[in-house]
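Visitor: Before we look, I would like to ask how the labels applied to a model like this one are justified. Please set each value against its definition.

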Amino acid sequence: MKKLLLLSIILFSGIINSQTVFQDNMNAYNVNSQLSGQGSWTNNSSNGGTGACTGAICTNAQVLTPGFNYLNYGSSSNSVQLLTDTDGCGTLFTPITTGDFYVGLMINASSSATSPNDFFRVNSGNAFVTSLRVFIKTVTANSFTIGISKGASGNAVAYTSSSFGFNQDHLLILKYSIQSGASDDIVNLYVNPVIANGVPTSPDATTNSGTDQSSSIDRLVFRQNATATPTGRAGLVSVAKSWTGLIFPNLNAFSFEKNQFEVSSLNIKSGILSIKSNKTIDDAIIKIYDIDGRIIETKETSLNNQVNDVAIKPIQESGVYIIEIIGENNIKFSQKLIVK
């Protein structure tokens, strides 16, 4: 029993990566050059990101500066143009066939239309089977709403009730839930969420209207080969099987060594977390997250060079959690916690 309750010693970045399907911050790409041909992107919108362009318009949006920054989601130095009436650009990712998955991207729209075409798609198998569409619709000279639909182009579009500002950075997170029926998949949209709080209770827009097209979802496309698509920039694209899996690794973060702590959950249901520390930390912050990234406990304490029994809120529910220990200068240690 004790063995089952011991924590698996895995860094937080490893936990995130285990749920991450695709990520691109575009930082390694050549600025003022087409996105197509850089990384896994190609401007063959006819195939949704496979092969060389064969259409009439084989020009593509360029990689630009600046990039984006969003607290606890990611940061980048580069982005990609959003244009109208040019060729789209797409990429493949590992196919998803069951369950929930998330798609994150940042946008900064400078203009849109009052009767828009979708500018971003997530496709299933080829460019002609679209599982998810995203729209930006002008409301006033300074604001727009964001819409989502699933399946064929004739399916209803659900728009946000709130408006968002042009020429401002916004984070869009889409949650697609694959259900067992033919017309019951659910799409939720969250705009500018607090990442550390996990999946919000209520989406900004939701829809399950129309026939599902989700047998094997495996590509995404910035669709620009039409009029009435927005202009501006986009970037920090992420696809994951969990909320926390969307988060980009912070390459500038400093971490404690892996063997600095040993954490036991043997008495966690009684509200005791045992942490064996190899050093003394006067002002440590301990955070515990659930698998969706919601903080369920924050504790300020001191850790001595010994086994420290830290009183926390009892965790009664079985599942996977993440413990994070933060020391001075924001040095961190993270580890997966399995409670059975």
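Visitor: What makes S18 and strand S19 (residues 272-277) a pair?

Guide: Two strands pair if DSSP finds at least two bridges between them, and four bridges join S18 to S19, which run antiparallel, so the criterion is met. Within this pairing, Ser264 stands opposite Ser274 in S19. Strands here are DSSP runs of E with at least two residues, numbered from the N terminus. This is a predicted model, in which local features need pLDDT of at least 70 and side-chain atom pairs count only at pLDDT 80 or more, while totals for chains, interfaces and linings use all residues. Residues are numbered from 1 along each chain as its sequence is written, and side-chain values use heavy atoms, with hydrogens and water left out.

Visitor: Why are strand S18 (261-264) and strand S22 (307-311) said to stand at the edges?

Guide: The open sheet has three strands in the order S18-S19-S22, with antiparallel pairing. S18 and S22 each have a single partner strand, so one side of each is left without a neighbour in the sheet.

Visitor: How do you know that Asn32 is exposed?

Guide: Exposed means over 50% relative accessible area, buried under 20%, and partly exposed in between, with a 1.4 Å probe and protein chains only. Asn32 has a relative accessible area of 53%, and is therefore classed as exposed. Its place is in the loop between strand S1 (20-24) and S2, and it has a positive phi of about 65° although it is not a glycine.

Visitor: Why is Asn192 called partly exposed?

Guide: The relative accessible area of Asn192 is 29%, which lies between the two cut-offs, so the intermediate label applies. Asn192 is found in the loop between strand S14 (186-191) and strand S15 (205-207), and its phi, near 55°, is also positive. Most residues other than glycine have a negative phi.

Visitor: What makes a set of residues a nonpolar core?

Guide: The members must be buried Ala, Val, Leu, Ile, Met, Phe, Trp, Tyr and Cys residues joined through side-chain atoms within 4.5 Å. Of the 43 residues in the largest such core, Trp41, Phe101, Phe120, Val122, Leu174 and Phe222 touch the most other members, and strand S7 (residues 99-111) gives the most to this core, with five residues. A second, separate core of 19 residues includes Phe261, Leu273, Leu303 and Ile325.
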